[in-house]
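Colleague: I should be grateful for a close look at the surroundings of the ligand and the elements that lead up to them. Please set the account out as one connected argument.

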Amino acid sequence: MSVVSLITQNFRNLSGKKIVFHPDLNFIVGDNGSGKSSLLEALFYLGHGKSFRTTKTESLVSFNHEQFVANITDSQDRRMGISRNVLTSQTEIKVDGERQSRLSDLAKNIAVQIVTPESFKLFFGGPKERRRFIDLGLFHVKHDFAKQWRDFSKVLKQRNAGIRSLMEPGLRRYWTELFCQHSMVVAQSRQEYINEFIEELNVWLGLLLPSIAEEITLQYSRGWNKKRELLDVLSENEDKELKYGSSLYGAHKFDVKFLLHKHPIDFQLSRGQQKLFLLALTFAQAKLIEKVKRVKPILLIDDIGAELDTASRALVSDAIKELNCQVILTAIDKLVLAPLVPSNESYQMFHVEHGEISAMSE
Ligand SMILES: Nc1ncnc2c1ncn2[C@@H]1O[C@H](COP(=O)(O)OP(=O)(O)OP(=O)(O)O)[C@@H](O)[C@H]1O
């Protein structure tokens, strides 16, 4: 699916005027502080029920208002909307006018992925960002995963409560064994997804970072030593877990490492190369989601020009052509977009000023 139109109310500085998108390629141009990221934020919020910049939902509502709304129609004529009252913390989700109870009711219809300047945290932040990134793909690609993760999370919660309340050993053992079983199920699904992901990633690295693509690898650690049984690891670390009051090993502690020449990529890649790598990761995930065909991802790329020279932007342009997704890119300057604007395919260019978004005719 693609987003046909977006209407917001009281969403940051956006004017609320209806925006009609191009089904494939959209460029949003505007000065600093004009409202480009706010537009992406509204779309992201619909897909995730949260912001990509902040945990403070109150910063999303326009100054002096209590409630914001974001509504879209998609290419199958479905209407999806979310509203949030930041005073009462009440969220209302609607699909085709029907109230829905869960955010996942929106997420299963709209897979929004984003690359922003904050995305570099994937390389330099803690494992939380990487876990979120991998599980977002898993959720969309492996249909059983949402249930597997819910079941696992319930057991993890019980086990953690048991550790904290010094539950009697027999009962704790029961939850530990169950926890190991669910960890194995989740870790196995992740391993399968990551194998598929690596294969797809290699394609996009070949397009975006051809000179070093073959030297890049992704290493998955499942959350406990790969040569050991989880039950043994947990038995050995019982005292440590009691001290910390939570489960220190298991499927929730997984991580992925990005390696270049077998060493963490960290500062081995230039800033521009990091950005291309980020795009390769995101494109690979989008493509996997698209292959499953349940939903066609919508790709948001904030500030596409930053860090990329003209040649790199041309590589990105070629890669975007290979993707079968709706793409929305922002930039401060129209000139920055020149290498990305196709000469023989249609697209839509928008201009943003003080939250007012208008379609530009070429
Ligand atoms: N809650 C809010 N209500 C109204 N306006 C807000 C709110 N929060 C931030 N703003 C303003 O919204 C404007 C748009 O911000 P946004 O981050 O979308 O800009 P941008 O076009 O992406 O800028 P940049 O190119 O600098 O990243 C800014 O001027 C900001 O001060």
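**From the sheet to the ligand shell**

Modeller: Strands E6 (residues 90-95) and E7 run antiparallel and are joined by three bridges. Within this pairing, Lys94 has Arg99 of E7 as its bridge partner. The model is predicted, and every position below should be read in that light. E6 and E7 belong to an open sheet of six strands in the order E2-E1-E4-E5-E6-E7, paired in the antiparallel sense. Its edges are formed by strand E2 (19-20) and strand E7 (98-100), each of which pairs on one side only.

From the edge strand E2, the chain leads towards the ligand region. Asp24 occupies the loop between E2 and strand E3 (25-30). Asp24 counts as partly exposed because 18 C-beta neighbours lie inside 10 Å, whereas 20 or more would make a residue buried. Its C-alpha atom is 9.5 Å from that of Val3, although the two residues are 21 apart along the chain. Beyond its neighbours within four places in sequence, Asp24 contacts Gln326, Val327 and Tyr347.

The loop between E3 and H1 comes next, and Asn32 and Ser34 both lie in it. An unreviewed UniProt entry annotates Gly30, Asp31, Asn32, Gly33, Ser34, Gly35, Lys36 and Ser37 as "binding site". In the model, 15 residues surround the ligand, and those that come nearest are Asn13, Asn32, Gly33, Ser37 and Ser38. By class, this shell consists of ten polar, three nonpolar and two charged residues.

Asn32 and Ser34 contrast in their burial. Asn32 is exposed, since 6 other C-beta atoms lie within 10 Å and the limit for an exposed residue is 12 or fewer. Ser34, by comparison, counts as buried because it has 21 C-beta neighbours inside 10 Å. Leaving out residues up to four places away in sequence, Ser34 touches Val352, Glu353 and His354.

Those contacts lead to a hairpin far along the chain sequence numbering. Strand E14 (residues 348-353) pairs with strand E15 (residues 356-360) through five bridges, in the antiparallel sense. Phe350 faces Ala359 of E15 across this pairing. The hairpin has two residues between its strands, and His354 takes a positive phi near 45° there.

On the helical side, H1 (residues 36-48) supplies three residues, the largest share of the shell around the ligand. H1 is mostly covered, as 13 of its 13 residues are buried. Its geometry can be checked by a simple calculation: at 1.5 Å a residue, its 13 residues should span 18 Å, and the end C-alpha atoms are indeed 18 Å apart. Just after H1, Gly49 adopts a positive phi of about 70°.

A similar check can be applied to another helix. The 15 residues of helix H4 (residues 127-141) should span 21 Å at 1.5 Å a residue, and the separation of the end C-alpha atoms, 21 Å, agrees. The buried residues of H4 are Ile134, Gly137, Leu138, His140 and Val141. Among the elements that cover them are helix H5 (145-164), helix H6 (169-208), strand E10 (255-260) and helix H9 (271-292).

To return to the ligand: Asn32, one of the residues that come nearest to it, is exposed, while the helix that gives the shell its largest share has 13 of 13 residues buried.

Notes. Residues are numbered from 1 along each chain as its sequence is written. This is a predicted model: local features need pLDDT of at least 70, side-chain atom pairs count only at pLDDT 80 or more; totals for chains, interfaces and linings use all residues. Two strands pair if DSSP finds at least two bridges between them. Helices (H or I, at least four residues) and strands (E, at least two) are DSSP runs, numbered from the N terminus. The expected span of a helix is 1.5 Å times one less than its number of residues. Two residues are in contact if their C-beta atoms, placed from the backbone, lie within 7 Å. A residue is near a molecule or strand if its C-beta atom, placed from the backbone, lies within 6 Å of it. Ala, Val, Leu, Ile, Met, Phe, Trp, Tyr, Cys and Pro count as nonpolar, Asp, Glu, Lys and Arg as charged, and the others, Gly among them, as polar. UniProt positions are given in the numbering used here, feature names are shortened, and annotations may be inferred rather than shown by experiment.
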